[in-house]
Structure formats: structure tokens, C-alpha cells
Amino acid sequence: LSKEETVQFQNRFPLFREKFHTAKNIVIPLELQDLSEDNHEILFGGRFVPKKNIPSLITAFSFIAKCFSNARLIMAGSGPLEKELRKRAAEYNLSEQVIWEGWVDRTRLRYLTQRCRVVVFTSTDSEGMPMMLLEALNSSSIIVTTSVRWTRSYPIQDLGVIEVDGY
């Protein structure tokens with residue numbers, strides 16, 4: 001929780017004041033890479049669960065793939081929707097353009113975040129402080145995100161982040 005959220009929760013639930021703390025999320029700075037203009041890699045990193053709205057991402061990527069034959073959607077994660085998502089990608093004939101990384105550790109995720117031209121965050125449900133966005137802010141990637149509590153609370157648009165309404 002942020003300092004403000006911690007105080008809000010402590011005031012709302014006085015019997016449990018000691019249970020609410022401010023937590024620091026540490027993002028280690030990396031050397032920014034100069035991404036080439038022909039890099040059309042898009043990264044999604046997270047659990048494959050309904051609140052992440054991944055089916056819509058695959059549908060949207062199908063339109064990108066029609067325009068850019070060398071576009072790749074890198075899916076770093078795993079979860080209960082994986083089988084359904086793979087099926088959807090196949091239905092759009094994206095089997096060669098969607099790369100399924102599976103669950104990756106933080107080192108690999110940071111590498112992918114640095115390598116990809118675009119990082120997407122597609123949640124339409126409540127999100128606290130998405131570590132994926134924090135890692136992406138530490139890269140030279142373009143960030144496209146849905147509007148979640150964290151993006152509405154901090155002026156990330158000033159950092160070149162593209163925020164879109166959930167779909």
C-alpha cells in the first residue's frame with residue numbers, strides 16, 4: 001500500500017491498524033537499450049486469468065499482425081486461461097506470431113521488458129500497483145495500459161505511457 005492508502009485503511013479499520021503497512025516495490029534501473037525501428041515485439045507479462053482481459057489483447061493483436069507480418073506477441077506467464085488463449089491465437093492464425101514463454105522469473109521478465117518495443121497491460125479489474133508497469137517504466141519500451149487505480153493515481157502519462165479505456 002502507498003502511505004496514503006495505509007492511513008486510509010488504518011482509519012477505516014482501527015482494530016487492525018498494525019496490520020497495514022507501506023510497502024516499497026524496488027525496481028532496479030537497467031541501462032536503456034536503443035530499440036530498432038523494425039522491432040515489432042509486444043510483451044504481455046502476467047497471470048492468464050479473466051481480470052487480465054487477455055482474449056481482447058489477442059483479438060487486437062490479430063489486426064496488428066495483418067499490417068506487420070514480423071510482429072510478435074510475447075506472452076510471459078501462465079494460468080488457467082492458457083489453453084483457451086492458445087486456441088484463440090490459433091483461430092486467428094497467429095501460431096507463428098504469438099510466442100508462449102510460460103512463467104518467467106523476474107530476471108527473464110526484465111530482459112523481455114527491455115527487449116520489446118511495446119509492453120501492454122490489459123487488466124480491466126482492480127489492480128493495486130502492477131509490478132509489470134513499474135518494470136516497463138524502467139525500460140525504453142512504449143507502454144500501453146488500460147486505466148486501473150494505479151494509473152489513475154499517478155501522472156504516468158507524463159512519462160509517455162498510453163492509457164486506454166478498458167474494453
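Strand 3 (98–102) has a covered face made of Val98, Trp100 and Gly102, and an uncovered face made of Ile99 and Glu101. The model in which this strand is described is a predicted one. Strand 3 pairs with strand 2, residues 72–76, in the parallel sense, and the pairing extends over 4 bridges. Val98, on the covered face of strand 3, is the bridge partner of Leu73.

Strand 2 is in turn joined to strand 1 by 5 bridges, and these two strands also run parallel. Strand 2 therefore pairs with strand 1 as well as with strand 3. Of the 5 residues of strand 2, 4 are buried, so this strand is largely enclosed by the rest of the structure. Within the pairing with strand 1, Ile74 of strand 2 stands opposite Leu43, and Ala76 of strand 2 stands opposite Gly45.

Strand 1 comprises residues 41–45. Its 5 residues are all buried, so strand 1 is likewise largely enclosed by the rest of the structure. The burial applies to both faces of the strand: Glu41, Leu43 and Gly45 lie on one side, and Ile42 and Phe44 lie on the other. Strand 3, by contrast, has one covered face and one uncovered face.

These strands belong to a protein with 6 helices and 6 strands. From the N terminus on, the order of the elements is α-β-α-β-α-β-α-β-α-β-α-β. Of the 167 residues in the protein, 42% are buried. Among contacts with a separation of 6 or more, 65% are between residues 24 or more positions apart. The accessible surface of the protein is about 10000 Å², and carbon and sulfur atoms account for 55% of that surface.

The loop between strand 1 and helix 2 contains Phe48, a buried residue with a relative accessibility of 0%. Leaving aside residues up to four places away in sequence, Phe48 touches Ile54, Met75, Gly77, Ser78, Gly79, Pro80, Leu81, Glu82, Leu85 and Trp100. One of these contacts, Trp100, is part of the covered face of strand 3. Phe48 and Lys83 are 35 residues apart along the chain, and their C-alpha atoms are separated by 9.7 Å.

Asn53 is placed in the same loop as Phe48, between strand 1 and helix 2 (54–67). Although Asn53 is not a glycine, it has a positive phi of about 60 degrees. The relative accessible area of Asn53 is 11%, and the residue is therefore counted as buried. A positive phi, of about 55 degrees, is also found at Asn93, which is not a glycine either. Asn93 lies in the loop between helix 3 (82–91) and strand 3. With a relative accessibility of 67%, Asn93 counts as exposed. The two asparagines with positive phi thus fall into separate accessibility classes, Asn53 being buried and Asn93 exposed.

A further loop, between helix 2 and strand 2, holds Ser69. Ser69 counts as exposed, at 63% relative accessibility. Ser69 and His40 are 29 residues apart in sequence, and the distance between them in space is 9.2 Å, C-alpha to C-alpha.

The largest pocket contains about 350 Å³ of space. Its lining consists of 19 residues, and those nearest its centre are Gly45, Gly46, Arg47, Ala76 and Leu109. Strand 1, helix 4 (106–115) and helix 5 (131–137) are the elements that give two or more residues to this lining. Helix 5 gives the most, with 3 residues. By class, the lining has 9 nonpolar, 4 polar and 6 charged residues. Two of the residues nearest the pocket centre, Gly45 and Ala76, stand opposite each other in the pairing of strand 1 with strand 2. Gly45 is also among the buried residues of strand 1.

Definitions and conventions. Residues numbered from 1 in each chain as written. Predicted model: local features only at pLDDT ≥ 70, side-chain atom pairs only at ≥ 80, totals over all residues. Heavy atoms only, no water. 1 Å grid on protein atoms, 1.4 Å probe; cavity = no way out; pocket = protein on both sides within 12 Å on 5 of 7 lines; lining within 4 Å. Points joined across faces, edges and corners; volume = space filled by probe spheres on them. Nonpolar A, V, L, I, M, F, W, Y, C, P; charged D, E, K, R; others polar. Buried < 20%, exposed > 50% of the residue type's maximum accessible area, 1.4 Å probe, protein only. Contact = heavy atoms within 4.5 Å. Areas by Shrake-Rupley, 256 points an atom, 1.4 Å probe, with all protein chains shown as cover. Pairing = 2+ DSSP bridges.
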